[in-house]
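Work through the following exercises on how strands are arranged into sheets. Each task is followed by its solution.

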Amino acid sequence: GGTNRFWTGLGGDSLASNTNNWRDGRAPGAADYVVLDGAAAAITWDAGVDGLTDTVSRWTQLEDYAGTVTFRTVYPGQGDFTNFVISGDAVLANGTWTHVQNSGTQIYRLAVEVGGDFEVAANSRLNAAGLGFYLAGPGYAPLVDGYSYGSAAHGGQGGRQNESFVHATNIYGSVFAPIDLGSGSANPRSRGGGAVLLVVGGILKLEGTITADAQTAYPSGGSVFITAGGLVGSGAIQASNPSSDSYASGGGGRVAVIFAKPEASFADFTGIIRANSINGNANRRGAAGTVYLETASDKPRGGTLVIDNQSQIPTFYTTLPPADGINRENSLALTATGRFKANRHLTLRNLSIATGARLDLAGRQVTVGGALAVAGETDYKPGIYPASAFGAEVEDSSELLSGRIIIPAPGTILMLR
């Protein structure tokens, strides 16, 4: 069996590889149990250094531990420590887990696998907020003539300060398996959200927070990708950004939660899952990011895509990344603040559009093979539908561009007022 290993932090630094930081002078091994209490300080888990393991048997943070554990886990190809493994249960009664801050390159993320159950109490969090790209990223909006005031994109495009400023429209990443960092903003300079990759073999009991929010309003949210046996609790999972009234907000990030156990249901979780774009000024919001939910009864990548900007109507519509779209196995759900624009014909299993939501088919059609509900109306049959088959919740912006101007002869003068 394993042995309890207590952190003291008396070795002169925060490195877990330093045996002088552990009681009895021995760092944990793969069969040991890590215990953090009120005497413990901040920890940096630097697996691979001086033989430090990347695996332990159990992990417990007691209620009197309020410190931060930084895992130096990296993306594949960026080093050897790509994943931290807890083969049994993990309990975070207090304290924080995080990853190392990135800059211009995607290097660090929080990647942890828990073989048993994982409890994250109300005072605990997995925090990757503001740890993404800085002055960089696929959704970065660079300065033009020294100005930008345009925010970054990720799951949704960035907001715009006003008509004269640029903003990022180049969304990126995966709807089904989001792993990318959020992009930074140019002016004001700020960091995008980081990335959390969490695998739980048992039940994830979440009363605290798992966040990959942007550092401030202007960058884009990062990524949270969770695979678990099930999810219970009333905590929060988010890849959003803080609110602002002064500058345009970045686009929401991406969140995906996938269940492995057949009995698991999202109804068992009463908390918040969001990737929204927040701003006190209705004209400066970006587009909501994506939230993907999959149960064990769904086919792989056949779950539900939710577009939800929570309490605020976004300024821009969410679109899909070019290489990672939804298909006939997927369902699409738009809440009252959901705004979604099709960039291809949609073929869906189920479609739910709440009152107040907007689906812009943009000249395309939608094919629904199962349940179809629009603004509370559920009498629709499976079939192929144009935008004209529905009410105000379904639009066709291509109709705004369908008119023609005919110049009858050379020398004609056309005056528009």
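**Exercise 1: an edge pair and its sheet**

E3 and strand E6 (residues 68-71) run parallel and are joined by 3 bridges. Strands here are DSSP runs (E, at least two residues; helices are H or I, at least four), numbered from the N terminus, and two strands pair if DSSP finds at least two bridges between them. The model is a predicted one, in which local features need pLDDT of at least 70, side-chain atom pairs count only at pLDDT 80 or more, and totals for chains, interfaces and linings use all residues. Residues are numbered from 1 along each chain as its sequence is written, and side-chain values use heavy atoms, without hydrogens and water.

Task: find the bridge partner of Thr44 in E6, then place E3 in its sheet.

Step 1. Thr44 has Thr70 as its bridge partner in E6.

Step 2. The open sheet has 7 strands in the order E3-E6-E9-E12-E16-E18-E20, with parallel pairing.

Step 3. Strand E3 (43-45) and strand E20 (272-274) are the edge strands, each pairing on one side only.

Step 4. From one strand to the next, the twist averages 10° (axes are lines fitted to C-alpha atoms, for helices over the stretch in contact; angles run from 0 to 180 degrees between N-to-C directions).

**Exercise 2: the mixed sheet**

Task: state which strands stand at the edges of the sheet E25-E28-E30, and which residue stands opposite Thr347.

Step 1. These 3 strands form an open sheet with mixed pairing.

Step 2. Strand E25 (346-348) and strand E30 (383-385) are at the edges; each has a single partner strand, so one side of each lacks a neighbour in the sheet.

Step 3. E25 pairs with strand E28 (residues 366-368) in the parallel sense over 3 bridges, and Thr347 stands opposite Thr367 in E28.
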